[in-house]
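Got the model open in your viewer? Let's walk through it one selection at a time.

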Amino acid sequence: MLSILALPVLSVTDVPVDPDAPDARKLLIDELAKPEYAAARPTLIDRIAQAIQDWLDSFRAPEDGSVPDLFPLVVTVLIVGLIVAAFIVFGRPRLQRKSRAAGALFSDSLDARSAAELRASAQAAAASGDFVVAIEEMFRAVARQLAERTVVSVTPGTTAQEFAARAGRAFPDYVDAFTSGARAFDGVRYLDRPGTREAFDEVAALDRDISAARPARLERVADSGASL
């Protein structure tokens, strides 16, 4: 009888009755490391779900009948509204939106292609269905041919709108066509608008028309060409 009762007593004596701090910490760590504790510990998904639930609960009316704090909801609605408005006004953001200041008509100062070369590039792009490049190159051909004829001087910093205004003074009958062409150029180059066959055909027709037209007026011709 004594031997049977002594067995649990011997096992209990293996654990210090009053452990010091290091022993107590070790015992606690060993206990928490057991599988049953690990299984009961909340996972990352559990913590995220609980955080979302707590956030939704913050919008519920208090049980005591007082007015709930709607500030978080108002802020959330405002942020979502601003994001939606930005997409409506500006469209989706482009990863590599070009700068208006640096873009201009001839963004590369080393681009010395002639009007004929630009025209050929535009027609090749149109034949392949790339009307974005086709419109850009054809409107550049329009600008280049007037520069070659010393009607309107064009530099790397000249924008499409500036060129259209100056060219319209030289060819009053084509003011609308120049303005429309500049708008099409800016649309495909800077505003991420899709190019169309109709817009390309209009710019190509302008290029053909002014090649046979004579300017209505010229200002003093400088060494670098006429400046209108």
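## The whole chain first

Before zooming in, colour by element type: the accessible surface of the protein chain comes to about 15400 Å², and carbon and sulfur atoms account for 62% of it. Keep in mind that this is a predicted model. Switch to cartoon and you should find 11 helices and two strands. Trace them from the N terminus and the order is α-α-α-α-α-α-α-α-α-α-α-β-β. Of the 228 residues in the chain, 26% are buried. Turn on contacts, keep the pairs at least 6 apart in sequence, and 66% of those join residues at least 24 apart.

## Select 131–148: helix H8

This is our base for most of the tour. H8 has 18 residues and reaches 25 Å from first C-alpha to last, close to the 26 Å expected at 1.5 Å a residue. Show the surroundings as a surface: 14 of the 18 residues of H8 are buried, so the helix is largely enclosed by the rest of the structure.

Now pick out Leu 146, which sits in H8. Is Leu 146 buried or exposed? Its relative accessibility is 0%, so Leu 146 counts as buried. Leaving out residues up to four places away in sequence, Leu 146 touches Val 151, Val 152, Phe 163, Ala 167, Phe 171, Phe 178 and Ile 210. For a distance label, try Leu 146 to Asp 207: these two are 61 residues apart along the chain, with their C-alpha atoms separated by 9.8 Å.

## Add 115–127: helix H7

With two helices on screen, there are two things to look at: packed helices are described by the angle between their axes and the distance between the axes. The axes of H7 and H8 come within 8 Å and cross at roughly 165°. Angles over 145 degrees count as roughly antiparallel, and H7 and H8 are therefore roughly antiparallel to each other. The crossing is left-handed. Show side chains at the contact: on the H7 side, look for residues including Leu 118, Arg 119 and Gln 123, and on the H8 side for Phe 131, Met 138 and Arg 144, among others.

## Swap in 175–190: helix H10

Hide H7 and bring up H10. The axes of H8 and H10 come within 9 Å and cross at roughly 135°. That makes H8 oblique to H10. Here too you have a left-handed crossing. Among the residues that meet, H8 brings Val 132, Ile 135, Phe 139 and Leu 146, while H10 brings Phe 178, Phe 185 and Val 188.

While you are on H10, select Asp 186. At 11% relative accessibility, Asp 186 counts as buried. Beyond its neighbours within four places in sequence, Asp 186 is in contact with Ala 160, Gln 161 and Leu 191.

## Last stop: two loops

Which residue with positive phi follows H8? That is Thr 150, with a phi near 55°, and Thr 150 is not a glycine. Thr 150 lies in the loop between H8 and helix H9 (160–170). Its relative accessible area is 33%, so Thr 150 is partly exposed.

Then jump to Asp 192, in the loop between H10 and helix H11 (197–211). Asp 192 is not a glycine either, but has a positive phi of about 60°. With a relative accessible area of 29%, Asp 192 is partly exposed.

Terms used
Residues are numbered from 1 along each chain as its sequence is written. This is a predicted model: local features need pLDDT of at least 70, side-chain atom pairs count only at pLDDT 80 or more; totals for chains, interfaces and linings use all residues. Side-chain values use heavy atoms; hydrogens and water are left out. Helices (H or I, at least four residues) and strands (E, at least two) are DSSP runs, numbered from the N terminus. The expected span of a helix is 1.5 Å times one less than its number of residues. Buried means under 20% relative accessible area, exposed over 50%, partly exposed in between (1.4 Å probe, protein chains only). Contact means heavy atoms within 4.5 Å. Accessible areas come from the Shrake-Rupley method with a 1.4 Å probe; for residues, only the protein chains shown count as cover. Axes are lines fitted to C-alpha atoms, for helices over the stretch in contact, and angles run from 0 to 180 degrees between N-to-C directions. Angles under 35 degrees count as roughly parallel, over 145 as roughly antiparallel, 65 to 115 as roughly perpendicular and the rest as oblique. A crossing is left-handed if the near helix is turned anticlockwise from the far one by less than a right angle, and right-handed if clockwise.
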